[in-house]
Amino acid sequence: MTADTRSIPRSGAGAGAAAARGGFGPLLHSEWTKFRTVRGWVIGMVVAAILTVFVGLFAAGNANSSCQNSPNGPVLSGKACLPYIPHGPGGEVVSDSFNFAHQPLTGNGTITVRVLSFTGAHANITNGHGAEVGSSLVPGLAAWSKVGIIIKQSLHQGSAYAAMMVTGGHGVRMQYDYTGDTAGLPGKVSAANPRWLRLTRSGDTITGYDSTDGTHWTRVGTVTLTGLPATVQAGLFATSPAYTVTNSSFGGNSNNGGPSQATGVFGDLTVSGTAAGAKWADVAVGGGGPVGTGPGGSSAGSGPAGFTEAGGTYTLTGSGDIAPVTPGPDSGFPTATIEQSLAGAFIGLIAIVVVAAMFFTAEYRRGLIRTTLAATPRRGAVLAAKAIVAGGVAFVTGLVAGTVAVAVGVHLENSNGQVVLPVPALTEIRVVVGTAAVLAIAAVFAVALGAVLRRSAAAVTIAIVTVVLPFLLVALNAFPPGVGDWLLRLTPAAGLAIEQSIPNYPQVASTINPAVGYYPTPPFAGFAVLCAWAAAALVLAVCVLRRRDA
Amino acid sequence: MSATVQAHRPDQVSRAAPQVNALHAEWTKLRTTSGPGWLLLGTVALTIGVSVAAVGATHCPAGMQCAVDPTKLSLTGIQFGQAVVALLAVLTICNEYSTGMIRVTFTAMPRRDVVFAAKAIVVVGLVLVAGALAVLGSVVAGHLILPGHGFTAARGFHAVSLAYGPTLRAAVGSVLYLGLIALLSLGLAAMIRDSAVSIGAVLAVLYLFPIILAFATSTTWQRRLERWTPTVAGLTIQATTGVRGLAISPWGGLGVLALWAGVALLAGGIVLRLRDA
């Protein structure tokens, strides 16, 4: 009895009066109560979380790699198939295979060279077919074939380095520690267009220069390689990444690739700081000799093995790459990313969008909207409260589901023999929290659409078609690359770019495909596009709500 | 005069078979509300619009090898059009529940399977007509635009024309595909009844498997998904090049979608019969 009598004045003096006075807190509380007490909506959020986790775990765990090291040997699977995976100084997984004509350099010094010619050859790939086995290489350079000079901490794969190089399609570059890349002189090397390269070591600092004549030098960049030992290896290098032709066959793409090699001819090679008359030794780091030579590499001056020296002219041929490993099929071993485990978020998003749209439209169906607006005449505030509640619930749901999916998914990927490309902790947080934020903003978008359209089915369809479908069509190559990129820049689907954990390294050729973790926009720019769409929908909803009779 | 005519009318209608009456009633419902008309128009416009955009943005520069299936490219818009078709089908069922009209419908026509069948026939009929217009527009766009973008017969690309057998199969198949999507949506909507949840479930069924396919790295799973999921298998009907390399034959793929639609329709019909309206 006492409880009953007490509860009536309390609600009158509390929530009701405060709402009438314009307090936003009680309004938020009443919207939260509406959400919490509709069982179907709570179930919808649980379903969203379950779908997110399970679809994510499927995406992370369905790979089944197997291999056979010798024709009659045992069939291995999972981790046993993985080759040695080098890691760079920054902790990232890297490719580090190249042919290296080197000599030790102790203390400070300079290496200078003139690139006389730069040619290459790659596997013969015809339309729709892979490299023909046993077929000879055809002349041609990959865009990121590269030859030049390098100063490297040691001969171990993954050790620190700085290099000046000419490339197949991107001019002169200075690259260092796998991820660093600075442009120098543009254009290709030819007799009419000669290139001189220089690297100078001073303590931990290495400076790269380029020149067209050997007298006028331009500084390309200066890098600091912390902890560089007193004696490093300096010399010529040549490498060339796998030559790939992507057939986007609209509904599934296939990458046809084969090896390629690059050959540089060098002259006027001078090294200051080494013992006079030191011999050049050749080693194929990471099996980076010419195509067709074994992983043991080559020895100096033995024909096709990759390095010759005659009368001050040096010819060096190599294959492989010195670059970060990026997701996708080109790396030679199965790679995985942390965001792969978040694939389920797309399906969770569908459930969240349904609940969020109904959160507003249900008011119209039951006529509750008139009660709601009578209690809180400020319609914009009602919309804001609903958006905050729906967005907040979606965020928490996404955060819980995403954390579980990534934690378990990465474990699955590791255990079935994929190499999960490591990323800094901050990036991992951005990916997981960002995915939750995408779900939250999508929920806000759906609430606003529901307020504008008053019909839940139409609101749900628009939200799903604009957020999920563009991603899906681009991921499945339903569009040619140009159109697909613009879809992912302009539609609300752009927000998913926040899931990208491995940057789009300019020095690695890769196609934009969100399924392997590439988006055309930077992470937060894409997220801003989604937010802009949600904001526009909210503004429209406020205008419509104010003008229209409830 | 007019009074006598009106007095005769119900008499005439009731003399017809109940199936015909149900069809007529469902046709009237769809014809006299503005929503379905707009959605059908939207299907046509969105499908053709997206197809034209896809075709218009695709070029095959001289000297490059383009692994493009011109017919499939011309029919890209179906991916979007199917969402509108699903919405139309879902609303046909769910609007009756949300307005309470379903009780009137079942009072007038107690045989629920007949009502459901009549709804399915009317919706699918309209979808097929709209789908035919949409597909025709898309094919014409491909036919007119693609040769100018480097997709010429001289370079080994077939013309996007209904006179070419595989293109005809893809075109007819795409129209049927839309019809089957409508049936699948009707079945699910009859089970779920709420419009928002229904359209969410339908779109999840349409898009879930392609998303999983996009992330599937195991070839075993890729093949399973390409063979047995409604949208992925169903859309193989659009393939005109490399048909031998497909996981399932074009008509087989459409058959898989038909199987899904049939099961959904059957389940929807049973639930409709057993449950209180």
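**Close-up 1. A salt bridge between Arg273(B) and Asp113(B) in the predicted model.** Here the closest N and O atoms of Arg273(B) and Asp113(B) are 3.3 Å apart. Arg273(B) sits in helix 12 (residues 250–274) of chain B and Asp113(B) in helix 7 of chain B, so this contact ties together parts that lie 160 residues apart in sequence. Arg273(B) counts as exposed because its relative accessibility is 55%, while Asp113(B), at 34%, counts as partly exposed.

**Close-up 2. Lys119(B) meets Glu96(B) in a salt bridge.** Take a look at the two side chains, with an N to O distance of 2.6 Å. The pair links helix 7 (residues 112–145) of chain B, home of Lys119(B), to helix 5 of chain B, which carries Glu96(B); the two residues are 23 apart. Both Lys119(B) and Glu96(B) are buried.

**Close-up 3. Helix 5 of chain B and its kink.** Spanning residues 78–99, helix 5 of chain B reaches 31 Å from its first C-alpha to its last, close to the expected 32 Å. Follow the helix to Leu91(B), and you will find the centre of a kink of about 35 degrees. Of the 22 residues in helix 5 of chain B, 19 are buried. Just after the helix comes Gly100(B), with a positive phi near 80 degrees.

**Close-up 4. Lys152(A) and Asp96(A) form a salt bridge in chain A.** Their side chains meet at 2.8 Å, N to O. Lys152(A) belongs to strand 7 (residues 146–152) of chain A and Asp96(A) to strand 3 (residues 94–96) of chain A, 56 residues apart. Lys152(A) and Asp96(A) are both buried.

Key. Residues are numbered from 1 along each chain as its sequence is written. Chains are lettered from A and ligands numbered from 1 in the order in which they are written. This is a predicted model: local features need pLDDT of at least 70, side-chain atom pairs count only at pLDDT 80 or more; totals for chains, interfaces and linings use all residues. Side-chain values use heavy atoms; hydrogens and water are left out. Helices (H or I, at least four residues) and strands (E, at least two) are DSSP runs, numbered from the N terminus. The expected span of a helix is 1.5 Å times one less than its number of residues. The bend at a residue is the angle between axes fitted to the seven residues ending there and the seven starting there. Buried means under 20% relative accessible area, exposed over 50%, partly exposed in between (1.4 Å probe, protein chains only). A salt bridge is a side-chain nitrogen of Lys or Arg within 4 Å of a carboxyl oxygen of Asp or Glu.
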